[in-house]
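Subject: Structure for you to look at

Hi there,

Here is the structure I promised to pass on. Please have it open while you read, and my notes follow below it.

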Amino acid sequence: MPFRILVALGFEVVAAVGTVVMPYLGFLFFLAWTILRPQDDRPNVAELHYPMVLLLSVLLGTVPKMAKDQGFSILHAVRRLYLILLFFFLMFVSAVATGYTPHSSYRVNEFFVVVLTCIMLVYWGSSESRIWGIMASFVVAGLQISRDALTRTSWMREQIGGQSFDRMNMNRLNGNFGSPNYIGLLMSVLILICLNFLYTRYSKWLKLAACGAIGVFFYVFLKANSRGASLGLAAALFAFLLFQKRKAVTLAMLAIVLIGVLSFAPQAYFDRLKTIVSYEQDASATGRLELWQIGLTLIRNHPLFGVGPDNFMDYAFNGPHDCYIQAAAEMGIPAAIVYCAILISGFIAGISALRLSRKLPDGDNLSALAVAVLCLLAHITVQGFTTGFAHREFVYFFITCTQCTYLVARERTKQMAPIGPSPATPFARPSRDSGNVLPPLSYGSG
């Protein structure tokens with residue numbers, strides 16, 4: 001057996017045992033792995049089945065704690081994730097109705113793992129500090145990808161009219177976030193997480209580290225040169241400003257950051273953004289228009305079940321490059337409606353969490369978290385019009401984080417309600433059966 005396989009096997013065993021013993025930390029490692037893992041199974045991954053071992057070890061450590069916690073039930077998680085579960089059901093129905101092709105089978109299996117992960121995320125996301133820990137796992141994974149981008153970069157050349165553009169492309173190194181559009185998406189999402197972290201009451205040293213990470217992420221973001229990610233980031237920064245209480249201070253901070261970053265931005269970045277208005281000369285833009293037309297034709301021909309999950313490329317030369325067309329063409333119009341409802345439910349939960357957190361005397365960390373998840377939703381909603389990630393795990397992780405944030409804000413607000421004697425009857429005792437004494441959100445504390 002090759003030495004690298006032995007090393008990988010040893011690491012896998014240690015990771016599995018550590019995950020069972022410390023399931024929360026193991027869960028964070030598993031989330032980071034979903035970002036870092038290669039989309040194509042490399043030899044060490046295929047032979048040792050890293051994803052399956054990590055998933056089973058996380059479940060083995062988490063399920064017993066779920067069973068012991070009286071404050072948590074699977075039905076509780078299902079109530080918060082019913083739209084995601086409905087989307088999964090429609091995916092399975094579409095796959096079966098269209099022949100259950102190998103592509104559809106792979107997608108259904110992958111999404112089943114996403115559903116399991118979201119249920120565990122509801123359990124472990126029981127406080128703002130734990131949800132921030134989940135966000136931190138994404139940031140750590142992003143720093144690793146950024147390190148690869150800075151040290152082992154490959155490039156792709158794109159011709160638009162008479163101009164030539166070089167874009168960062170890491171498909172050989174990390175297929176899950178390897179293409180320029182996905183690199184740009186990941187980097188802008190991490191920028192938003194770090195920006196909102198600056199509004200918390202955590203250590204100043206951690207905030208200083210977040211500032212340094214923002215600089216790294218912006219550098220990689222500019223090198224990816226993604227117009228779709230740029231539009232998504234612009235929408236998210238607008239949401240960031242809109243939902244902040246101190247808008248003047250936030251606007252000044254954003255102005256300083258943007259001036260500093262754009263001063264070092266390469267001219268090629270601005271030149272490529274300008275090509276949005278001259279799409280006729282852009283093979284990428286005209287190709288998208290052609291793909292969208294193919295998608296609309298498939299929707300008209302297969303309105304109920306679509307052509308099956310991940311089967312779009314059986315009818316086109318590339319993916320749909322649009323989340324909404326992707327969901328409707330591959331899984332049917334009902335699934336596309338549910339996908340939009342998932343995004344809307346996330347915004348409703350995030351806004352509700354923000355409103356409740358501002359009623360708390362110590363709600364700064366929770367408010368910053370609510371704004372962060374709202375910014376992430378704004379980003380994926382806008383970039384979804386140019387990038388096809390309707391089946392990707394990070395969309396549903398962000399939605400679930402939004403639901404967790406709302407649950408934490410709701411429970412903490414309820415705990416603030418007076419439970420002692422009322423002013424009108426100072427010596428009265430609350431009845432044991434009155435139901436107005438609410439337990440804390442204690443699950444996920446192990």
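A nonpolar core is a set of buried Ala, Val, Leu, Ile, Met, Phe, Trp, Tyr and Cys residues joined through side-chain atoms within 4.5 Å. Buried means under 20% relative accessible area, exposed over 50%, and partly exposed in between, with a 1.4 Å probe and protein chains only. In the largest such core, which has 128 residues, F87, Y339 and Y396 touch the most other members.

Before going on, a word on the source. This is a predicted model, in which local features need pLDDT of at least 70 and side-chain atom pairs count only at pLDDT 80 or more, while totals for chains, interfaces and linings use all residues. Residues are numbered from 1 along each chain as its sequence is written, and side-chain values use heavy atoms, with hydrogens and water left out.

**The overall picture**

The protein has 446 residues, and 53% of them are buried. Its secondary structure comes to 18 helices and 2 strands; helices (H or I, at least four residues) and strands (E, at least two) are DSSP runs, numbered from the N terminus. Of the contacts with a separation of 6 or more, 76% are between residues 24 or more positions apart, where contact means heavy atoms within 4.5 Å. The accessible surface is about 20,500 Å², and carbon and sulfur atoms account for 67% of that. Accessible areas come from the Shrake-Rupley method with a 1.4 Å probe, and for residues only the protein chains shown count as cover.

**Helix 18 and its surroundings**

Helix 18 covers residues 393-415, and its 23 residues should span 33 Å at 1.5 Å a residue, which agrees with the 33 Å between its end C-alpha atoms. The expected span is 1.5 Å times one less than the number of residues. Because 20 of its 23 residues are buried, helix 18 is largely enclosed by the rest of the structure.

What does Y396 touch, leaving aside residues up to four places away in sequence? Its partners are I84, F87, F111, V114, C118, Y339, I342, A390 and H391.

Just ahead of this helix, G388 sits in the loop between helix 17 (364-383) and helix 18. G388 is partly exposed, at 22% relative accessible area. Its C-alpha lies 4.3 Å from that of H321, although the two are 67 residues apart in sequence. Beyond residues up to four places away, G388 touches Y182, H321, D322, C323 and Q326.

**Salt bridges**

There are 6 salt bridges in the structure, each a side-chain nitrogen of Lys or Arg within 4 Å of a carboxyl oxygen of Asp or Glu. Side chains of opposite charge can pair when their charged atoms come close.

One of them joins R412 and E128, at 2.7 Å from N to O. Since R412 lies in helix 18 and E128 in helix 8 (residues 128-151), the pair ties together parts that are 284 residues apart in sequence. Both R412 and E128 are buried.

Another pairs D310 with R107, where the closest N and O atoms are 3.1 Å apart. D310 is in the loop between helix 14 (283-301) and helix 15 (323-331), R107 is in helix 7 (residues 102-124), and 203 residues separate them. D310 is partly exposed at 21% relative accessible area, whereas R107 is buried at 12%.

R410 and E411 also meet in a salt bridge, at 3.6 Å from N to O. Here R410 is partly exposed at 23%, while E411 is buried at 12%. Salt bridges with shared partners join E128, D362 and R412 into one network.

**The N-terminal end**

V13, V17, V20, V21, M22, L25 and L60 form a nonpolar patch on the surface, with about 640 Å² of accessible area together. Patches are made of residues with over 30% relative accessible area and no salt bridge, with like charges joined within 9 Å and nonpolar side chains (Val, Leu, Ile, Met, Phe, Trp, Tyr) within 5 Å. Helix 1 (residues 3-21) gives the largest share of the patch, 4 residues. One of the patch residues, V13, is partly exposed at 46%.

Helix 2 (residues 23-36) is largely enclosed by the rest of the structure, because 11 of its 14 residues are buried. Among them are W33, F27 and F30.

Happy browsing!
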